[in-house]
Structures are given as C-alpha cells and as structure tokens.
Amino acid sequence: MTRIGILIGSTRPGRKGAQVARWVYERAARRADAEFEVIDLLDHPLPHRDEPLPALAGRYQHGHTRAWADTVARFDGFVMVTPEYNASIPGVLKNAIDYLYAEWTGKAVGFVSYGVDGGTRAARQSRALCELLQMGAVSPLVALSLHTDFTEQATLQPGAHHVDTLDTLLDHVVAQCAGGRGATLTQREADEAAIGHHFDRIIDAIQAKDLDGLRRLYATEVVSFDIDPPLQHVGVDAKIRNWAKVFTFFQEVTYEVRDLVHTVGDDLAFTHGFGRLSGTLANGTPVGGMWVRATFCFRKIDGDWLVSHDQVSVPLDVSSGQGVVDLEP
C-alpha cells in the first residue's frame, strides 16, 4: 500500500508542529487508500550537512545520513509540516532535505504551513526546493494562522474550512503516488503546477513592484473587477496602471494568497481563494491590510497560462451598506 510520511519540519522547544502533524495524521488515518506515519526530525538529529560528497552522488559516509536516507526511502510521498521563521523555511527542515537526493526524487509532496500569516512564504520556499529535487508538489496549501487557528496562539483549533482543504491535499498526494507514477505528471497536473508557479510569479512581481514583470502575467484583453473604482479595468494597460497607482502608496509591499483551489480544463482554468495586500506606506507607517475574496480565470495562450479575468470582493453588511474588512480566512 502507498506510504505517506508526515514530516514535522521544526525541532524548536515549544514548537507547534507536533500538534499540526497530529491533526494531519488523525484526518489522514481515516483513509483506506494509503498508510500514514509521522516523521519527527527530533528523532533524526542531523548536524549541519557534513557529507563530503554532493547528495546527488548517493554515497553517504556517515551513519546518521544513511539512517535518514533509509527512513525517507520507505515512503512514496510526504506531507511536510513547516512553520515560518523570519519569513523563511526553518533551517532544520532545509538541512534535512539537503542531505538527500535520490530518496526524494519522483515522490509526491504537499505542504501544511503555520505562522502569523499562515506560513505561506515558508511553504512556497519549501515547494521550490522540493521541485528542484524533481518531487511532484501538489496543491492546495493548508495555511494555519496563529491568530485564528490556535487559541491564544498556543493550542491548535483549525477552522472547519481547513479540513476540506486538507482532504483535497491528501487526495492529491495519494493520487500522485498511485501506481508508482511518482514525478511523472499528467497534463492536468502539469497545468495545475504551472498555475501554481504563476501565482508565485505574481507575488514576487508585486512585492518587487515590478510592473513589467506583472504585465507578462496577464492576457492582453484581461478584464479586472478590482476592489477600487471603476467597476472594471479592461485591458492589460489598465490593469498595470492600477497596480502602478497601488505602488505609489507603498514603500514596501507584501502580498499573500491563501486557500487557493484550482479547477483546470484544456485551455481554461479557474482559481478561487483569499488574498491580502499589506506593507509599509510611503510615510513609513506599517499597515496590515485586509483579506479579500479573489477569483482568477486563466487562459492557455501559446502554451502559457495567463490571467484573463480577476475579481476581488469583500462581504457586505447589508444593513449598513458597508464592506466587512476585518475577517480572516
């Protein structure tokens, strides 16, 4: 039977990763299509990588490396549970991944992250690292907020919507492993991965305030229902002018997405989820921003997925006619 390892990516005292991994395991254990096991890096103490040869060589000289390689090799896929430390992947997780190569290659991997902002930056970095190892990274991401999914930022109590997202994540990890397919993706899976990369590029371009980079990510005829007037921005020039106006307000920009779900067809795809724009204003004032609902329509044009429509909205308090801007996903 397919074996999936749930890897705790932190060894820090007081870590919350064990709670998160236990929640993932308890949900996964209800399934009959795979076996699940928690892998705790505390049980695999690895010094800062001390092998003289590259991991690609596969010739491990130290006992701790061979033991770690044997553990990873037992599994067909993984769910990596990662916190976000200083907007980045934990060093202990990066080190554990870097120790090996062939034992990771061709295996499915999904990510459950947690942190003040859901740990999404750590998850993105972990995903990029795993894809360099030719792992089959799946969507969606389960991103748990310390503010809304932990009581007093201590005890895990995930929102109900995370259960559905976790189930979908587990579906995709198991499906990727089925039949020993490993990293050989179907066209649908490859398209879904390409759209996931597209969001990474959008985030990077927004945070760099790179208007030329953003222009390349939208279809020429894109229609945008953004949160600010007018009712619609038609064409890529209008879309870029709108981003340019946004950037004039910010000295530094942070853009986050959460709970993205993709539905992919042959040449059309839809994604829905939540987004938040925050950062530091031009006068130096930090602003936390607000979470909005976002829907994206992609078209495959000359082999590339481009955004042809996006829509952003906030819930409306019908009695007052005011937008509700203090909700968390």
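## Loops and backbone geometry

In this predicted model, Pro230 is placed in the loop between β9 (218-225) and β10 (233-234). Pro230 is joined to Pro229 by a cis peptide bond, with omega at about 0 degrees. Another cis peptide bond links Ser139 to Pro140, and omega is about 0 degrees there also. The loop that holds Pro140 runs between β5 (136-137) and β6 (142-145).

The backbone at Glu152 also deserves attention. Although Glu152 is not a glycine, its phi is positive, at about 55 degrees. Glu152 belongs to the loop between β7 (150-151) and β8 (155-156).

## The largest pocket

The largest pocket holds about 530 Å³ of space. Its lining consists of 24 residues, and those closest to the centre are Asp226, Ile227, Trp243, Val246 and Leu277. By class, the lining of the largest pocket comprises 15 nonpolar, 3 polar and 6 charged residues.

Both helices and strands take part in this lining. At least two residues come from each of α6 (187-207), α8 (236-249), β11 (250-264), β12 (268-281), β14 (291-301) and β15 (304-313). The element that gives the most to the lining of the largest pocket is α8, with 6 residues.

## Enclosed cavities

Rolling a probe the size of a water molecule over the atoms shows where empty space is left. A search of the whole structure finds 2 cavities of 30 Å³ or more. The largest cavity has a volume of about 300 Å³. It is lined by 18 residues, and Arg127, Ser139, Leu141, Asp200 and Leu260 are the ones nearest its centre. Ser139, which takes part in a cis peptide bond with Pro140, is thus named again here, among the residues nearest the centre of the largest cavity. At least two lining residues of the largest cavity come from each of α4 (120-132), α6 and β11. The most are given by β11, with 5 residues. The lining of the largest cavity divides into 9 nonpolar, 4 polar and 5 charged residues.

The second largest cavity has a volume of about 30 Å³. The residues that line it are Thr120, Arg121, Arg124, Ile203, Gln207, Tyr255, Glu256 and Val257. For the second largest cavity, α4, α6 and β11 each supply at least two residues of the lining. This lining has 3 nonpolar, 2 polar and 3 charged residues.

## Helices α4 and α6

Two packed helices are described by the angle between their axes and the distance between the axes. The axes of α4 and α6 cross at roughly 130 degrees and come within 12 Å. How are α4 and α6 oriented to each other? They are oblique, because an angle of roughly 130 degrees lies outside the ranges that count as roughly parallel, roughly antiparallel or roughly perpendicular. The crossing of α4 and α6 is left-handed.

On the side of α4, the contact is made by Arg124, Arg127 and Glu131, and on the side of α6 by Ala193, His197, Asp200, Ile203 and Asp204. The contact of α4 with α6 contains 2 nonpolar, 1 polar and 5 charged residues. Some of these residues also border the cavities: Arg127 and Asp200 are among those nearest the centre of the largest cavity, and Arg124 and Ile203 help to line the second largest cavity.

## Helices α3 and α4

Helix α4 also packs with α3 (residues 91-98), at an angle of about 5 degrees and with the axes 11 Å apart. The helices α3 and α4 are therefore roughly parallel to each other. In this contact, Leu93, Lys94, Ile97 and Asp98 of α3 meet Ser126, Leu129 and Cys130 of α4. By class, the contact of α3 with α4 has 4 nonpolar, 1 polar and 2 charged residues.

## Helices α1 and α5

Helix α1 (residues 17-28) packs with helix α5 (residues 160-177) at an angle of about 70 degrees, and their axes are 11 Å apart. The two helices are therefore roughly perpendicular to each other. The crossing of α1 and α5 is right-handed.

From α1, the residues in contact are Trp23, Val24, Arg27 and Ala28, and from α5 they are His162, Val163, Leu166, Asp167 and Leu170. The contact of α1 with α5 comprises 6 nonpolar, 1 polar and 2 charged residues.

Methods. Residues numbered from 1 in each chain as written. Predicted model: local features only at pLDDT ≥ 70, side-chain atom pairs only at ≥ 80, totals over all residues. Heavy atoms only, no water. 1 Å grid on protein atoms, 1.4 Å probe; cavity = no way out; pocket = protein on both sides within 12 Å on 5 of 7 lines; lining within 4 Å. Points joined across faces, edges and corners; volume = space filled by probe spheres on them. Helix = DSSP H or I, 4+ residues; strand = E, 2+ residues; numbered from the N terminus. Nonpolar A, V, L, I, M, F, W, Y, C, P; charged D, E, K, R; others polar. Axes fitted to C-alpha atoms, helices over the stretch in contact; angles between N-to-C directions. Parallel < 35°, antiparallel > 145°, perpendicular 65-115°, else oblique. Left-handed = near helix turned anticlockwise from the far one by under 90°. Contact = heavy atoms within 4.5 Å.
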